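User: Please take a close look at the packing in this one, and then at any empty space. I work at the bench, so a plain walk-through would suit me well.

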Amino acid sequence: VQDRQAARRWQLLAIEQARRLDRPALERARLAQGFFDLVGHELDAAERVGVFREATSLLEPLDDAQVEVRELWGRLVAYLGQAVYEDGRSAEASESLESAIATLAPFSPSAARAKVLQTLSWVRWHSFEFDPASEAASGAMEEARAAGADDVYRWALHESGVIAGFQGDPAVGLQRLQESHDLAEAADDRDLLNRCFVNISSTSLNSGYPLQRPRALLERARTLGRRSASFGTLAFVLDNYAGLSWLQGHFEDAIEQADEALDAARRAGYGAMEGTIYRVRGEALAALGRDEEAAADLAIAVERAEDDPQHRDWLKVAVARSKLRDDPAGAIAELRGPHPEFEGYPNADMTVALWLGRLAFRIGDAEAMTEALETHLRHAGLDSPGYQLERRWVGALATADDTTLSEVSAGFEETGYTLYACEVLIDAALIEARRGAGTEMAQRAQEAVERLGYQPVLGPMPETRWLTAGPVSAT
């Protein structure tokens, strides 16, 4: 589809005409399937709820229904469930999908039931219910294989890859995502390919894998999304692209990408995404020293925090940093555990612990530093490049080891995490200043800051405020 908006208008016109002419129920329900085939999940969520709710009701009750009717009903329920979630009603979405799975159970194996299971998996991992999400994805793959539903299988495989990445096994996650990409490419499944571009990139980014391929994938996805006016895809692509640009020190690009992501999310009716996009844009604004604008975006992100649990770890970090200047103890308290909301999501746990360690080092809070170290040691089995570098970073802060920090900075630079490479040098410069051991690290940090046009978010250099905090003695 070259223009999803045009397809949407024609499909809605056909649905309205069929309603006015009181066409047979099955014919009208098929029009809703055609609407999905052409428009997918790209446009207004509330509008899709109306289309799919009407269509499913046309086929009910299912007593003595033919196979075609049951299968069509099940797929329409799946589309409805995702639209309801995107419209901001996660509990209602889960309940309707679970009910449909039970309704279709006597007719298993069924392609439609597999589709509902796959969609339930999507809803659950978006709600940070990773174990139930994994169970639903496995059930969907098994049911799809038994029913010969290759299209549903490759989508369910994709969900299982995303979930593995969240649960701390990015290597397995990326392998499954690549498999789903290859299957989608062979079947010319454009919508799944767009998801692959996004989730291969986000899994790589969140796990510290090199960023060269993610940038290329997101650039391709942005081009395709713009060309077809696929606003749902664009919202996810540009949200991830803005985060990647921020990590690479391209702050102006990140702001532009976040602006376009907000516009796309509004056009698609993806209100639940807006909070996290504001948070990303606020990070980039803060990096450029545009503090008032950054604070305004952060306030919106906090207000919208319940809309979508993804990236809540980064929201905690952003709130803590905003408190550091006037309330250091409050900043530390913001990041101290336990964090039950991150259970089953080790990357979030480690992100918060990394910044807890950085703040604890400045303030001289040995207890908080110990917590940061223990968190990273608890997840020592996770060995992607980024996890290893973050673990070394926290350990070097605890022992005031600027030599190791220099090596960590080089590691981040090599994998494309330019902002982190700079942040590590800023920490090394503070260690050097506390020791009175020269200015080599300070000069390197200053050069990195100037090269990026960066205003360090933990305070301007040199960090004279923290010179008297003293070394942290952590266990």
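Analyst: Happy to help! Helix 1 and helix 2 are roughly antiparallel to each other, a label for angles over 145 degrees. Please keep in mind that this is a predicted model, in which local features need pLDDT of at least 70 and side-chain atom pairs pLDDT 80 or more, while totals for chains, interfaces and linings use all residues. Residues are numbered from 1 along each chain, and side-chain values use heavy atoms, without hydrogens or water.

Helix 1 covers residues 4-20 and helix 2 residues 25-39 (helices are DSSP runs of H or I, at least four residues). The two pack at an angle of about 175° with their axes 9 Å apart, on lines fitted to C-alpha atoms over the stretch in contact, with angles from 0 to 180 degrees between N-to-C directions. On the helix 1 side, the contact (heavy atoms within 4.5 Å) is made by Arg-4, Ala-7, Arg-8, Gln-11, Leu-12, Ala-14, Ile-15, Ala-18 and Arg-19. Helix 2 answers with Arg-28, Leu-31, Ala-32, Gly-34, Phe-35, Leu-38 and Val-39. By class, this contact has ten nonpolar, two polar and four charged residues, with Gly counted as polar and Tyr as nonpolar.

Now for another pair. Helix 12 and helix 13, the latter spanning residues 251-268, pack at about 160°, and their axes lie 8 Å apart. That angle makes helix 12 roughly antiparallel to helix 13. Among the contact residues of helix 12 are Phe-231, Leu-234, Leu-238, Tyr-241 and Trp-246, and those of helix 13 include Phe-251, Gln-257, Glu-260 and Arg-267. The contact of helix 12 with helix 13 has 14 nonpolar, three polar and four charged residues.

Helix 12 also leads us to the empty space. The structure holds four cavities of 30 Å³ or more, a cavity being grid points (1 Å spacing) where a 1.4 Å probe fits but cannot get out. The largest cavity contains about 360 Å³ of space, the volume filled by probe spheres set on the points. Its lining has 23 residues (an atom within 4 Å of a point), and Leu-205, Asn-206, Gly-243, Leu-247 and Trp-314 lie nearest the centre of the cavity.

Which helix gives the most to the lining of the largest cavity? Helix 12 does, with five residues. At least two lining residues each come from helix 10 (190-206), helix 12 (231-247), helix 14 (274-287), helix 18 (346-363) and helix 20 (385-399). By class, the lining of the largest cavity has nine nonpolar, ten polar and four charged residues.

Technical notes: On a 1 Å grid over the protein atoms alone, a cavity is a set of points where a 1.4 Å probe fits but cannot get out, and a pocket is an open set with protein on both sides within 12 Å along at least five of seven lines; lining residues have an atom within 4 Å of a point. Angles under 35 degrees count as roughly parallel, over 145 as roughly antiparallel, 65 to 115 as roughly perpendicular and the rest as oblique.
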